[in-house]
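Trainee: I am new to this structure and would like a close look at a single part of it, followed outward to whatever surrounds that part. Please take your time over the answer.

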Amino acid sequence: MAGTDERARHWRYEELPGVDLLRARYVRKNFVRHTHEHFVIAAIAAGVEVFHHGGSDQYAAAGTLALVNPDTPHTGRAGVPEGWRYGAVYPSPDVVAAIAAETTTLRGTPGFVRPVLDDPHTVELVHKVLRATDEGNALAADTLLRVAVTRLLRLNGGPLPRRDVRSAGARTAARARALLEERLAGPPSLEELAGELGSSPFALLRAFRDAYGMPPHAWLTDARVRRARRLLDAGTPPSEAAAAVGFTDQPHLNRHFTRIVGVPPGAYQRERKNVQDTGRGLLLPSRA
């Protein structure tokens, strides 16, 4: 992958349920603020990734891991002109919790404490997981994933803080989020939403941003892409998925999906439908 060529592949391996997989090389890529339902364990192989997380920019260079807990807003971009190349595994909270319960002494909901960890050994473990899935070696893929997650939790793990809704503003934000989720395909305006909740638009905007790390419109786009992913996984054509979640058309879905997931929805769906394809090692262009 020489020059400024960008490639990405987002797939599943049926012998690793609850885990998404990614290989990518990005140069101009700029991930907008978004979240993941799963954990992000990104092993940087070359270059530098910069991602805004927890109020500041984090720098993950070759030999380090970028670690993001579920539902944590973050961005992503190149930190050097040549971009960054990485492999990533995205285990579900249930997968991580089961590993933590079996191999660590962590109590509560486990998660990562620091967003960047300098640990070349675990970086290599993550890449070995991906290679094992390429080779169809289920025993190795499962074993190496468990070893990698256990090591990360022991080096950089802790219980995630509980998100208790205490203040009036936080309760208003939670109600707003629930309403937006109910009306994903036809959401109200900020003024209409605030009126339904007995708040002012700016008070709601501040409360929502404080609670979820992004304004309501950005959260809505993120939620639409999440739901579109579920529909694509279930076999829904991208054009139908776009309409179902409230995007105006498929190009509208393509644009936002690629900015958050890293690959276009069509490529995403093809890879995940063909998990046993013999051409697993190929990377797909990251641009629609």
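Trainee: At what angle do helix α7 and helix α9 pack, and how far apart are their axes?

Mentor: Please keep in mind from the start that this is a predicted model. Helix α7, which covers residues 216-233, packs with helix α9, residues 250-261, at an angle of about 95 degrees, and their axes lie 10 Å apart. That angle makes α7 roughly perpendicular to α9, since angles of 65 to 115 degrees count as roughly perpendicular. From α7, the residues that make the contact are T221, D222, V225, A228, R229 and L232, while α9 contributes L253, H256, F257, I260 and V261. An α-helix has 3.6 residues a turn, so residues three or four places apart point the same way.

One residue of that contact, R229 of α7, leads on to another helix, for R229 is among the residues touched by R272. R272 itself belongs to helix α10, which spans residues 265-273. With a relative accessible area of 9%, R272 is buried, because the cut-off for that word is under 20%. Leaving aside residues up to four places away in sequence, R272 touches H10, W11, R12, D20, R229 and D233. With D20, the side chain of R272 makes a polar contact, side chain to side chain, at 3.1 Å.

D20 brings us to strand β2, residues 19-26, which pairs with strand β1, residues 7-12, in the antiparallel sense over 6 bridges. Within this pairing A8 stands opposite A24 of β2, and R9 stands opposite R23 of β2. The hairpin formed by β1 and β2 has 6 residues between the strands, and in that hairpin G18 takes a positive phi near 80 degrees. Strand β2 is mostly covered, with 8 of its 8 residues buried. The covering applies to both faces of the strand, where V19, L21, R23 and R25 are buried on one side and D20, L22, A24 and Y26 are buried on the other.

Strand β2 also runs antiparallel to β8, to which 8 bridges join it. R23, already met opposite R9, stands opposite G87 in β8 as well. Strand β8, residues 84-91, in turn takes us to helix α1, whose buried residues pack against β8, against β9 (110-112) and against α3 (138-156). Helix α1 covers residues 93-103, and its buried residues are V95, V96, I99 and A100. Seen down the axis of α1, these buried residues fall within an arc of 130 degrees, so they line one face of the helix. The face of α1 that is turned away from the buried side carries the exposed residues D94, A101 and E102.

A further strand, β7, can be set beside this picture of helix α1. Along β7, residues 74-78, the side chains alternate, with H74, G76 and A78 pointing to one face and buried, whereas T75 and R77 point to the other face and are not buried. Strand β7 pairs with strand β3, residues 30-34, in the antiparallel sense over 3 bridges, and it pairs with strand β4, residues 40-53, in the antiparallel sense over 3 bridges. R77 has a place in each pairing, for N30 stands opposite R77, and R77 is also the bridge partner of V50.

Conventions:
Residues are numbered from 1 along each chain as its sequence is written. This is a predicted model: local features need pLDDT of at least 70, side-chain atom pairs count only at pLDDT 80 or more; totals for chains, interfaces and linings use all residues. Side-chain values use heavy atoms; hydrogens and water are left out. Buried means under 20% relative accessible area, exposed over 50%, partly exposed in between (1.4 Å probe, protein chains only). Helices (H or I, at least four residues) and strands (E, at least two) are DSSP runs, numbered from the N terminus. The arc is that of the directions from the helix axis to the C-beta atoms. Contact means heavy atoms within 4.5 Å. A polar contact is a pair of N or O atoms within 3.5 Å; within protein, one must be able to donate a hydrogen and the other to accept it, and residues adjacent in sequence count only if both atoms are side-chain atoms. Two strands pair if DSSP finds at least two bridges between them. Axes are lines fitted to C-alpha atoms, for helices over the stretch in contact, and angles run from 0 to 180 degrees between N-to-C directions. Angles under 35 degrees count as roughly parallel, over 145 as roughly antiparallel, 65 to 115 as roughly perpendicular and the rest as oblique.
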